[in-house]
Amino acid sequence: MSIETSNPTLTDHTHAITPVVISPTSIADLLDRHHPGRRHAPDQGRPRRAARKRALTSIQTNVRHDIRKGSIRMCSVSELTTNFTEGPIGIDDRVPALGWRLDSTRQAVRQVAYQIRAASTGGLLNQEQPDLWDTGKIESDRQLDIVYEGRPLSSRDQAFWQVRVWTDDGVLSDWSPVGYWEMGLLEVADWTAEWIVDPAPAGPMPLFAAPFVVDPDRPVAKARLYVGGLGLFEARLNGVKVSDDLLTPSATAYDRRALYRTYDVTGGLSAGENRLGVIVGNGLFNVPEKKDRYWASVTWETGVEKGDPIRLSGEPKVIAQLEISYADGGVEHISSGPSWRVIEGPIEFSGYYGGEDYDARRWPIDWDLPTGDLSSWRYAEVAGSAPAMLSAQFEPPIRAQERLEPVSIHEVAPGVYVFDFGTNLVGWPEIRVSGPAGQRVALYPGWYLNSDGTVDQNGMIGWTSTGKVADHYTLSGVGEEVWHPRFSYHGFRYLEVHGLADQPVQQTITGVVLHAANLRTGFFRSSSQLLNDIHRIANRSVRSSMLGPAMPSDPNREKAGWAVSVHFEWYARNYGLASYAQAVARDITDAQRADGDLPGVVPNPTDFWYVGDPNWSGALLLQADQALAHYGDTTTPRRHFAAMERYFRYLESRETDGIYPGGTFAEGYFGDWLYPGQHWQNPFDPDKEHFTPASLTATWGYWRSAVAMARIAEALGREDEAGHYRNKARSIVEAFNRAFYRPGEFTYATGSQAADALALDMQAPPGDERDRVLEHLTTSIRRADGHLTVGMIALPAVIRVLAAAGRDDLLYDAVTRTTYPGYGHWLSKGATSIPESWDWSGTEGVPDLNILGDIDAWFTSSLAGIQAAPGTSAFEEIIIAPAVVGTLDEVEGRLRTVRGEITSHWVRQARRGASSEVDEEEFTLAVTIPVNTIATVVLPLHHPAAAVTAPEASSFLDRDHISARYRVGSGSWTFTAR
C-alpha cells in the first residue's frame, strides 16, 4: 500500500502539477530542429515579442464568443508567489520577486497590463489603502520575476498584496485573493537569543527547555518562533511539535552560515504557564565515531589516494527566539541563553550515517509541558563559537511524504524478522511495539538480502569503515510505543529486526518516505508499461535525492551534494526546484575559494573532495542559467553575478589554448562518469571501450559555462559582458575542433558516442560535416545493438542531439531494449529506482542514485512533445511537437510551469473497414496551453494526404508530408489527422 502525502491534489492519474522552463531563439528555430532544412515564414526574421503579439492577435480574431466585454470577468488571478513560494514567513530577502498564475474560461487570452497593491495589514488592503506599494496600471505582459519596489521592509514586517490584470480584449479582472509574505530577522541586533550548548555533555543528545508565562489579561495578536540548530533540531511547544518539518535545517558550510526557520506558533500558546523545548541532533555538523557503526566516507580529508578520515567536532547547539506580540502593541521575548535548562535526552547516539539509538526510559516526564519538573536540570551555557552568519531557510522543508506497508515478513532465524517494502525508499522505519521496559529492538536497513534471507548492507557502507548502519530502540514499557529516528535517514528496501516481544504483523513496521515538500511538476503515462516503469523508478530516485537543495546523490555512503548540473531538466520535469536553485547558489558562493574556484560538493563541511571538473564546479553558473530558463529567475544571477565572474576568470586562467585540462580522478576529474564498463578504481583506462578523454568532457563543461554566462549577462542587461562570453564560447568551440576532431573520419577523440554527442551538442562540427558526425553517432548506436553507451555527462547531451535531429526513433529503440546496458536491463534485474551504474547486477552496489535517469525528461519533452520555444523564458512560448515512435498508441504528459499547466495527450488508433483490415489510422492530439502564453502545435501526419481537423480558432501555419503546424493561444485544443 502506498499513500502520497506531498501533494494530495496530484496522483499518477490526476491533472494537477508545478514550475518549469527552457532557453533561447525562436519558434522557427525549434521547428528547424525537428524538420531540418526548412524555414517557417511566419516568424522568420521578426523580433520575438512582436511576432508573439501578432500571432496572438491573429488567434484572437478567430475566437468566437458572445459575451459582452466587461460583463463577465473572463480572467482570474491566483497562486500569488513570493520568491516562487506561496505565503512564506520569515524570509530575509528585502526585495523578493513576485509572480502569479492566470486562469480563464475562454481561449487565446493574454495579459496586457497589471496592477499590484500591497499593504502592511489585511485591513488596509480591504479598505483600498495600500500603504506599502501601488504600481498603478503597468502596461506589460509580465507575470513573473517582478521585483518588489514598494516601501522598504524591516524585520518582522508583513506584506499583504493583490494583483489584477487587463487582458487583450480590454477586460479587467477582479482583484486576486490576498497573497502574503513576512520578513524574518534581518539584522544581527534583532537577535536577543544566543547559541547555547550543554555545559557537561555526556554523549546523549541534549534537551533544552524554557518555561514562560503568557499574560492571561492581554490577548495575543501573533507569536513567532525563530529557531536554528547545529546540526538539526526539533522544536516543541507545550508538548507538541511546532511543525511537521523533519531533518531541519538544511546543511550548510557551518563556519560560514547556519539556517533558522520561522514558525507561526500563535495557536500553540496558552494563557498562563507555557513550556518551549528543543531537541538537538548532530546531523552533518558533528559526525561522531562509534565502534561498529558506520560514520561515513564523506569525512575523508584529501580524497581516495590518502584516505585519512577526520571527524567534524563541536557539540550540538541551538538558538531560539520566541516573540509574543500582544494586541496592545507590547512584545515579549523568550530567548535562548544561560537561563535555559538542559539535560541529556533519550537519543543516546545520533549518527547522520550510522543511525540512531533511542532509550525511551530517558524521556523526562512532561519535560516539554508546563507541568514538567526542571529542578534537577542544569543551566545551559552560551556557546563559545558560532557561525559567521544566521540566515533564513527559504527552501521547502523535508516532510514525511509516503507511508509504505511491508509486502512480506519472514522470520529468517528465531526472533529475527526481515520486512520487505517492495521498493527502494529513502527515509526511516517507524515501529509500533509493546514489551517490557528495557527491551531493545535493533533495526538493520539494507538494499539486499544474503543467501540466508538476512539483510546485506552491501552498497550502504563507504570505503573507510566496516561499521553497520543501525537504529536501536529501548522500550519504556508503557503501552504501545511508536518510534522512528529523528536525526538520520537511510536508503533501503529491507529491514532486519531483532528483539520484538511478539510476532510482528504488517502494521508493526512502516516505511516512511522522506523528501522535501517541493511541488510535483510532471506527469507521464503511455501505452508502454516499460516506459511507465522507467518513469516510476526515475521519479523514485528524484524523490530520494530531495533531502537538501544540493540533491544529495547517495542516501547512505556519502549523503553529499555533488553539484553536477546536467540533470536539472530531468529533476525540474518532476518537481519544482526554483527555491532549491536559489539555495544551492547561496551555498556554493559561501564556499568560493580565494582564487575564484568553486566546490564540486555542496555543502562541503569536511572539504570532502576537491573537484576540478567544471561540469561539477561550474554548477553555480549552470544551474542559475537553467533556473533562469525554467522559472524566469533573475534574482539568483543578479545576486551572485560577481562570484560567477570570479569563477569564470579562474577557468580562463586554467585553460591551455581554449582546452580545459583533464586531471586525475583524485584531483576531481571524472570524465563521462560511469559509462558502461567504467570502474572508479581505474576510471581513465584509454583501452576501455566507450572511453572518452576527461579533457574533452571538461572542455565541453568549460564551453557550457561560457554559454551560461552569456545568457545570464544578457538577461541582466549586461551586453558588453554577454558579448565577451559569446566570443569566448566560440573560441572554445574552435579549440575543441582543433584538439579533438578527426577530419575524414567525421568523429571526435576516441570515436565514442559521448565524444560525438558532446561535439554535436555544442555545434562544433565544421560546416556541412555536422550530418556526417551525426551519422557516425547513429551508426555507433546501431553497432552497439541499439544501446546508448554513455555516462552521466553525455547522457543528457545525446538525448538532446538525437531528439533535435528528429531521431526519436533511435532513442525509443534504445530505451526499450531489455539487454545490457539500459533501463530495461535494470528492470529485468528488479530495479525499483535508478541504480548508480549501468553495470548494476541487482545484487550489489548502490541501487538508488540520481545520476542516470535523464531519459525521463525525454518522455514529456519529446514523446508528449512539451517544450519551451528556444529563446524564451518560463514557457512564455511553447512547442507541442509529439514524437510518435515505435508501437506507442497513447502518450499523456503534463507539466505545471510557473505560468500554469501544459498538457499533451495523443492517441493513435486503427480504423477498420468492412473487411476488418486496417484501412486508415486516426491520430488525435489534445493540448492545454496556459493563459498568457502562445503555442505552436506540430501535428504528426501518418501519411502525406492525411485529412486534418483543426479547431476553428487556431491559426494554420504550414504543412508538409510529415506534419501540419498551427498556432494557438491559451486554452484547450484538439486536432485530428486521419
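## Exercises on strand 5 and helix 13

In strand 7, Glu139 is the bridge partner of Ala113. That pair opens a short set of exercises on this predicted model.

**Exercise 1. Find which strands pair with strand 5, and in what sense.**

*Solution.* Start from the bridge you already have. Ala113 lies within strand 5, which covers residues 111–119. Its partner Glu139 belongs to strand 7 (residues 138–139), and strands 5 and 7 pair in the antiparallel sense over two bridges.

Next, go to Ala118. Its bridge partner in strand 6 is Trp133. Strand 6 (residues 133–134) also pairs with strand 5 over two bridges, in the antiparallel sense.

Finally, take Ala119, whose bridge partner in strand 9 is Phe160. Here the pairing with strand 5 runs over eight bridges, again antiparallel, and strand 9 spans residues 158–167.

**Exercise 2. Decide whether strand 5 is mostly covered or mostly open.**

*Solution.* Apply the cut-off for burial, which is under 20% relative accessible area. Eight of the nine residues in strand 5 are buried, so the strand is mostly covered. For the setting, look at the whole protein chain: 63% of its 978 residues count as buried.

**Exercise 3. Work out how the buried residues of helix 13 are arranged around its axis, and what they pack against.**

*Solution.* Begin with the geometry. Helix 13 (residues 770–783) has 14 residues and reaches 20 Å from its first C-alpha to its last, close to the 20 Å expected.

Now list the buried residues: Val773, Leu774, Leu777, Thr778, Ser780 and Ile781. They cover an arc of only 155° around the axis, which puts them on the same side of helix 13. The spacing rule helps here: an α-helix has 3.6 residues a turn, so residues three or four places apart point the same way.

Then turn to the other face. Away from the buried side, helix 13 carries the exposed residues Asp771 and Arg783.

To finish, look for the neighbours. The buried residues pack against strand 37 (741–742), strand 38 (747–748), helix 12 (753–761), helix 14 (794–804) and helix 15 (808–815). Just after helix 13, you will also find Asp785 with a positive phi of about 60°.

**Exercise 4. Place these elements in the whole protein chain by giving its secondary structure and the share of contacts that join residues at least 24 apart.**

*Solution.* Count the elements: the chain has 17 helices and 48 strands. Then take contacts between residues at least 6 apart in sequence; 76% of these join residues at least 24 apart.

Technical notes:
Residues numbered from 1 in each chain as written. Predicted model: local features only at pLDDT ≥ 70, side-chain atom pairs only at ≥ 80, totals over all residues. Heavy atoms only, no water. Buried < 20%, exposed > 50% of the residue type's maximum accessible area, 1.4 Å probe, protein only. Helix = DSSP H or I, 4+ residues; strand = E, 2+ residues; numbered from the N terminus. Pairing = 2+ DSSP bridges. Contact = heavy atoms within 4.5 Å. Expected span 1.5 Å × (residues − 1). Arc of directions from axis to C-beta.
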